[in-house]
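Grab a coffee and work through these exercises with the structure open beside you. Try each task before you read its solution.

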Amino acid sequence: MPEFSRRDVFKAATAAGAGAVILPGITAAALPDAAADAATTASVTPEATNAPPAKLTGRIVRPQDPDYASASLGWDELFVHYPLVIVFAQRTQDVVNALTWARQNNVALRVRSGRHSLEGWSNVDNGIVIDISELKSVKINTATRIATVGAGLSQLEAVTTLAKKDLAVTTGGEGTVGLSGATLGGGFGLLTRHLGMACDSLTSVEIVVPSGTAGAKVINVGLNSYSDLLWALRGAGNGNFGIVTSLTYKTSPLKFVTYVTATWAGLKYTNSIFEAYQRYMPFTDSSLGTQLEIHKNEILFFAVLADGSPAEAKKLLAPILSIDKPDVMVKVGNWGDIYAGFQIPTQDDPANWKFFSQFISKPFPKRAIDIVRAYMQDAPTDDSNYFLQAFGGAVRNSAPRGGAAFPHRDALFYAEPGAGWGVRGDEESGEPLTPIAQAWIAEFSQALRPYVNGAYVNVPNIGMQEWATAYWGSNVDRLRKIKAKYDPYNVFQYEQSIPPAGPCPSPTTWWPPANDHA
Ligand SMILES: Cc1cc2nc3c(=O)[nH]c(=O)nc-3n(C[C@H](O)[C@H](O)[C@H](O)COP(=O)(O)OP(=O)(O)OC[C@H]3O[C@@H](n4cnc5c(N)ncnc54)[C@H](O)[C@@H]3O)c2cc1C
């Protein structure tokens, strides 16, 4: 098999002058025309549908377009794909057309929003990427506190827009992550203990789902219509049932926050900080959200107290802040300003990332904390870290009306070892570390297995055998039935998508293999 790297492919594509992708055995001249034809012409087989051939609409990027490489690249540069066509939807009908086109032409499809899929699963070689990131509408009713937003908002856009009205929903901490990608898998962050998971505030969605053998339709999902699908979309909605085009949240009032950070140099106090963190932070006042990051050479701590003063925050945080003498910073302000203020520009982040998600439901014994410390001392880079987010509070106590597929309500923490390496745009800078970082993550997460349970679908664990149970526990059977109801032909499928319950209805379903269907 000829050796060629991702970098070679990008170089070759640029050299071709038209953003063409050159793969072994395919000439530069041949591909663009073929791709162009396939990307615009719907060659419908008569038995597939009686509907007229669908045409792609919206902003369409194909391999021969100059912005193809940037339109295709995801946040995690470890994963690179070469889709046949990327459709940036400008309205819901573009999504309907794209899904119909993909079905009529039997082309693999992926849904994409903020591009942060941590295994690169929102993109696909030779298929169609239906990208909804340009659906940016916002409608907020301040009297009812109901907000309906286009599914293309980033978390930063959502947080800052709502904060201007003194409103909030839970999001993760990274502003460039897609709001829909985070919410549909659960979504936690520094407001989680106060407001629950992001998906808990989701009250309705507009979604494009498969219709018949080769079509697509728009449905509005809420507590009174398709409520089973609402339940599923609250924690298992990423790329499984349809393409969400707008999200409606019941938001909560939030006038201001106190934001506290603390930094300890070195790992000398790892055990006492970890002990204090797990003893107090999952059980403290539910207005207080916290995050701990253990790095190779320092420990970082972050806290947000919703509508609380610095004095109250310091009192609640005393068990941690009293350990040695950390560098402490305290800010008070509007949540949108604070959130925007702690963002790190993407170009300053490492290019490649690998994580392994775990939940902790019993406090770590000393030997587990020792494992964390030993692995962190040996971390491949300074950006690599062991990340903890305290649960409890509203996650445990306030599952939403109608319920949610997200199951990890009793966890004390979400936790993940994460490795980051390499310089963005310079693949060679990361290559020597790739096998080392991957092995470090695999061994680290294995060493912690006796002390953890479950996994987080938004940070998927690719090598895990029982991944569905790890993500959704006893909800898997119900999810498979809902999948069979809304996507019986398994149109929405990827490496860890939910398989429909029952026998495969169509021989065109190629993944997972037919004998995987119970
Ligand atoms: C740096 C970083 C920090 C993170 N921090 C947190 C955190 O603090 N808290 C947290 O909960 N998670 C966190 N995550 C995980 C994050 O929630 C997931 O990676 C999320 O799925 C990314 O969504 P996206 O839209 O950006 O990604 P994409 O790659 O666009 O999509 C991710 C998945 O969602 C599907 N999807 C996206 N949009 C739609 C849609 N409209 N309809 C149907 N399916 C859709 C895609 O098909 C894909 O399967 C973090 C991830 C990263 C990379």
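**Exercise 1. The shell around the ligand**

How many nonpolar, polar and charged residues does the shell around the ligand have?

*Solution.* Keep in mind that you're looking at a predicted model.

Step 1: collect the shell. The ligand is surrounded by 30 residues, and Val 111, Ser 113, Ser 122, Phe 188 and Tyr 456 are the closest.

Step 2: sort them by class. You should get eleven nonpolar residues, 16 polar ones and three charged ones.

Step 3: see which elements they sit on. At least two shell residues come from each of strand E3 (109–112), helix H6 (179–185) and strand E10 (243–250). H6 gives the largest share, with four residues.

**Exercise 2. Backbone atoms at the ligand**

Find the backbone N or O atoms that lie 3.0 Å and 3.4 Å from an oxygen atom of the ligand, then look at what Ser 117 does.

*Solution.* Step 1: start at His 116, where a backbone N or O atom is 3.0 Å from a ligand oxygen.

Step 2: go on to Ser 117. A polar atom of its backbone lies 2.8 Å from an oxygen atom of the ligand.

Step 3: finish at Gly 173, with a backbone N or O atom 3.4 Å from a ligand oxygen.

Step 4: check how well the ligand is covered. On its own it has 940 Å² of accessible area, and the protein covers 93% of that.

**Exercise 3. The two faces of H17**

Which residues of helix H17 are buried, and which exposed residues does the face turned away from them carry?

*Solution.* Step 1: list the buried ones. In H17 (residues 476–486) they are Val 476, Leu 479, Arg 480, Ile 482, Lys 483 and Tyr 486.

Step 2: look down the axis. These buried residues span an arc of only 165°, so they lie on the same side of H17.

Step 3: recall some helix geometry. With 3.6 residues to each turn of an α-helix, residues three or four places apart point the same way.

Step 4: turn to the other face. Asp 477, Lys 481 and Lys 485 are the exposed residues there.

Step 5: ask what covers the buried side. The cover includes strand E8 (202–211), strand E9 (215–221), helix H8 (227–236) and helix H16 (467–472).

**Exercise 4. After H17**

Is Ser 497 buried or exposed? Take Pro 499 along as a second case.

*Solution.* Step 1: place them. Ser 497 is in the segment after H17, and Pro 499 is found in the segment after H17 too.

Step 2: apply the cut-off. Buried means under 20% relative accessible area. Ser 497 has 5% relative accessibility, so it counts as buried. Pro 499 comes in at 17%, so it counts as buried as well.

Step 3: check the surroundings of Ser 497. Setting aside residues up to four places away in sequence, it touches Asn 240, Trp 467 and Phe 492. A polar atom of its side chain also lies 2.9 Å from the backbone nitrogen of Tyr 494.

Step 4: look back towards the helix from Pro 499. Its C-alpha is 9.1 Å from that of Lys 481, though 18 residues separate the two in sequence.

**Exercise 5. Two loop residues**

What do the side chains of Asp 200 and Ser 384 make polar contacts with?

*Solution.* Step 1: take Asp 200, in the loop between helix H7 (192–195) and E8. Its relative accessible area is 10%, so it is buried. Its side chain makes a polar contact of 2.9 Å with the side chain of Arg 409. Beyond its neighbours within four places in sequence, Asp 200 is in contact with Ser 398, Pro 400, Ala 404 and Arg 409.

Step 2: take Ser 384, in the loop between helix H12 (366–377) and strand E18 (385–390). It has 0% relative accessibility, so it counts as buried. Its side chain is joined to that of Thr 381 by a polar contact of 2.7 Å. Residues touching Ser 384 from over four places away in sequence include Ile 294, Met 376, Gly 418 and Trp 440.

**Exercise 6. The whole chain**

How many helices and strands does the chain have?

*Solution.* Count 17 helices and 19 strands. Then zoom out: 56% of the 518 residues count as buried.

Methods: Residues are numbered from 1 along each chain as its sequence is written. This is a predicted model: local features need pLDDT of at least 70, side-chain atom pairs count only at pLDDT 80 or more; totals for chains, interfaces and linings use all residues. Side-chain values use heavy atoms; hydrogens and water are left out. A residue is near a molecule or strand if one of its heavy atoms lies within 4 Å of it. A polar contact is a pair of N or O atoms within 3.5 Å; within protein, one must be able to donate a hydrogen and the other to accept it, and residues adjacent in sequence count only if both atoms are side-chain atoms. Accessible areas come from the Shrake-Rupley method with a 1.4 Å probe; for residues, only the protein chains shown count as cover. Ala, Val, Leu, Ile, Met, Phe, Trp, Tyr, Cys and Pro count as nonpolar, Asp, Glu, Lys and Arg as charged, and the others, Gly among them, as polar. Buried means under 20% relative accessible area, exposed over 50%, partly exposed in between (1.4 Å probe, protein chains only). The arc is that of the directions from the helix axis to the C-beta atoms. Contact means heavy atoms within 4.5 Å.
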